[in-house]
Amino acid sequence: MSRKNSLQSPRLLLYLVFAASALCANGNEFYIVFLKDQPTNHRLTRETHVNLLSSLKGSENDATKSLVYSYTKSFNAFAAKLSQDEATKLSNMEEVVSIFLNRYHKLDTTKSWEFIGLKPTSKRNLEIESNIIVGLLDTGITPESESFKDEGFGPPPVNWKGTCAHFANFSGCNNKLIGAKYFKLDKQPDPNDILSPIDVDGHGTHTSSTLAGALVPNANLYGLAEGTARGAVPSARVAMYKVCWATTGCADMDILAAFDAAISDGVDVISISIGGLSGSYTSDSIAVGAFHAMRKGILTVASAGNDGPGHGSVANHAPWILTVAANGIDRQLRSKVVLGNGAIVSGIGVSLFDPKQNLYPLANGIDVAKNSDSKDSSRYCLENSMDPKKVKGKLVYCKLGSWGTDSVIKGLGGVGTLIESDSFLDAAQIFMTPGTMINSTTGKKISDYIHSTKTPSAVIRKSEEIKIAAPLVASFSSRGPNPGSHHLLKPDITAPGIDILASYTPLKSLTGLKGDTQYSKFTFMSGTSMACPHVGGAAAYVKSFRPNWSPAAIKSALMTTATPMSSKVEKDAEFAYGSGQVNPTKAINPGLIYDMDDMSYIQFLCHEGYNGSLIGSLINQSPINCSNLLPSNGEDAINYPTMQLALKSDQEPTVGVFRRRVTNVGPAESVFNATIKAPVGVEISVEPMSLVFSKGKRRRSFRVVVKAKPMKSAVILSGSLIWKSSKHSVRSPIAIYNPWAD
């Protein structure tokens, strides 16, 4: 793990977990095995799994011990404890279409909905909304939270097939929270968690209340961001599938079990704020689970990851997933710092303490070291590096070294801390003592002041809300280009993900740090984890008006109506924000949609060069013969709402032809005319330039030709195609990517 990642905020990156496999007690490892045939029923399918393992192991007893879980609802697969040699032998069996190693993933409001235009007064279709079921794969949920009260709710929708029971520390469900399950297939107890759907971390409670929480008046964190908390679809039902655990994180085999259950239970939208791992679209558990959900008409919305701003860091980038980046809203949480000489500086963070005196003694971490040998460590205020006598009663100025500095200072009797960071500061950390985060320029001012007087002093005021320009993409939000395909632009869209206020668990303090006594029903969190449920909620909102639309249609509507953002402000352009910031109210009436089914994605995978056997594993069939499919047309062989052309040469122009088909979902008699925006050095043409629709002609095809000259230094150039009618504007970004500049 890089030093950069090790310094991520605990509210931003909630788990630091293994991205490798977990060894079983006997040295074997967990593997996930997909079989050809569709599952029939649980008993017969499980017998097939045992029989297959028996032929490998030599006995039914050993096979039963090896079998960890049978996936029998939506796809035919099983998890088992195997040696590497056994896994290799199994992969060569005729019944097996794919096998991959189990890995572990990491987890990647009062104002945010209004900021993207979904106001309390916005149009709603409550009859259908109350029958929408949103499924979340996360850390669990807090059933007692006011966000999940069921006053005014009728019984669960008739299509709901899920269950909910009483578990340890879990009071049960109601007519709002209609489903709750947990999956921990390794059956190893977690000393920091509870074998129950209960949320001991707060992440799952936060994301689910952001997506579909009921209205809660006077929500706030110690007076900050006070207002009515609510989700995008307050009348929708919630189903929680706990797959992430405090110590180990989120295992592939648990994630697949949750997808299998959610699909069978009858959810309408799946939101998953969990980081994806590198790997193909046929061996990543989130991509595989989302594909099976898509085949059943369920859209999966997933976070893009918190590994920005580096290029190629975007996760969950399969074409059938709606991939969400994070941006800020027009609110920032800051604290004033008053120095003893009267100077006032400002820092970012959530400090909930009213100072008890005007000024406190101020010291530099390097000056309170235990001894000369510990000065390098005390500069960062690391544990066991400072002299308690020199820290007691003081504010301490530290360089950012690791999270938990405020806990260390408090443990030594200090008053609070000022932490200097070289990183761009946009997300506010919550402090357990008076504290704030400052940039290096402000840090130098404070350091100079400390060394200008014998008795330096300062005070940190309680945090306040400051209005800022927005939206801007979060510094931590993962960027494109898509590491899975140069033909597919990712992320797809962006949504609020900085300092989002939503419901929280009573089982954890606000920071989770030793000595923290702050608890609250609501808290701020930042990350693409917080952006994801905003788009999941927007998808559920669209589905409440368009219940028969396919996942691709809903995805298209959200992307083509997103509020455009500026490449002049954000240099990474579409690699940072995709189509732009989500705009739920516009998405219910997009005018045109780019629709697809599962065969469209299979054709894309063939075009990408995927092995026919691996493609077959997605649909539990024998190998797909790509040569038997209709020839793939165009640069990307997919009817996607965006277009990306990767330059093929740094010397010669590159030409790409994109073929698209749109469906009119507006007035039957409509004419859409093309508006093209091309950057310097790029020519874009469209044929035809007008699309004429009538009652008998709801679908039209067109061709886009992009010709780009070699680019010297730019990584990405931004263009667009907009289809305009008298009532609608349907925008598709066109990104030109220069691999040689990366």
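**Notes on the disulfides, cores and two buried residues**

1. Let's start with a bond: Cys 381 and Cys 398 form a disulfide, with their sulfur atoms 2.0 Å apart. The pair connects Cys 381, in the loop between helix H10 (375-378) and helix H11 (388-391), to Cys 398 in strand E19 (residues 395-399), so it ties together parts that are 17 residues apart in sequence. The torsion about the S-S bond is about -85°, so this disulfide is left-handed. Cys 381 is buried, at a relative accessible area of 1%, and Cys 398 is buried with a relative accessible area of 1% too.

2. A word on what you're looking at: this is a predicted model. The average pLDDT of the protein is 92, and 96% of the residues score at least 70. Watch out for residues 1-23, though, where the pLDDT is below 50. That stretch still has 68 contacts in the model beyond near neighbours in sequence. Where pLDDT is low, the predicted coordinates should not be read in detail.

3. How many disulfides does a search of the whole structure find? It finds 4. If you number the bonded cysteines of the protein in sequence order, the pairing reads 1-2, 3-4, 5-6, 7-8.

4. Next, have a look at Cys 244 and Cys 250, which form a disulfide with their sulfur atoms 2.1 Å apart. Is this link right-handed or left-handed? With 110° about the S-S bond, the link of Cys 244 and Cys 250 is right-handed. Cys 244 counts as buried because its relative accessibility is 0%, under the 20% cut-off. Cys 250 is buried as well, with a relative accessible area of 0%.

5. Another disulfide joins Cys 606 to Cys 626, at 2.0 Å from S to S. The link of Cys 606 and Cys 626 is left-handed, with -75° about the S-S bond. Cys 606 sits in helix H18 (residues 598-607) and Cys 626 in the loop between helix H19 (612-618) and strand E28 (643-646), so the pair ties together parts that are 20 residues apart in sequence. Are both ends buried or exposed? Cys 606 is buried, with a relative accessible area of 17%, whereas Cys 626 is partly exposed at 25%. The cut-off explains the split: buried means under 20% relative accessible area.

6. Then there's a cysteine without a partner. Cys 532 is in no disulfide, and the nearest cysteine sulfur, that of Cys 244, is 12 Å away. Cys 532 counts as buried, at 0% relative accessibility.

7. Moving on to the nonpolar interior, the largest nonpolar core has 117 residues. Which of them touch the most other members? They are Tyr 71, Tyr 241, Trp 320 and Leu 558. A second, separate core has 25 residues, including Ala 229, Leu 333, Leu 510 and Met 530.

8. Leu 558 is a handy place to zoom in on the largest core. Setting aside residues up to four places away in sequence, Leu 558 touches Leu 322, Ile 493, Val 535, Ala 538, Ala 539, Val 542, Val 582 and Ala 587.

9. Arg 479 deserves a look of its own. Where does Arg 479 lie? Arg 479 is in the loop between strand E23 (464-467) and strand E24 (493-496). Charged side chain or not, Arg 479 is buried, with a relative accessible area of 3%. A polar atom of the Arg 479 side chain lies 2.6 Å from the backbone oxygen of Ser 477, and a polar contact of 3.4 Å joins the side chains of Arg 479 and Asp 572. Not counting residues up to four places away in sequence, the residues that Arg 479 touches include Pro 309, His 311, Val 314, Val 473, Glu 570 and Phe 575.

10. Last stop: Ala 236, in the loop between strand E9 (224-229) and strand E10 (237-242). Ala 236 counts as buried, at 0% relative accessibility. Which residues is Ala 236 in contact with, leaving aside its neighbours within four places in sequence? Ala 236 is in contact with Glu 129, Ile 132, Phe 153, Lys 176 and Ala 212. Ala 236 and Pro 156 are 80 residues apart in sequence, yet 9.9 Å apart in space from C-alpha to C-alpha.

Conventions: Residues are numbered from 1 along each chain as its sequence is written. Side-chain values use heavy atoms; hydrogens and water are left out. A nonpolar core is a set of buried Ala, Val, Leu, Ile, Met, Phe, Trp, Tyr and Cys residues joined through side-chain atoms within 4.5 Å. Buried means under 20% relative accessible area, exposed over 50%, partly exposed in between (1.4 Å probe, protein chains only). Contact means heavy atoms within 4.5 Å. Helices (H or I, at least four residues) and strands (E, at least two) are DSSP runs, numbered from the N terminus. A disulfide is a pair of cysteine sulfur atoms within 2.5 Å. A polar contact is a pair of N or O atoms within 3.5 Å; within protein, one must be able to donate a hydrogen and the other to accept it, and residues adjacent in sequence count only if both atoms are side-chain atoms. pLDDT is the predictor's confidence in each residue, from 0 to 100.
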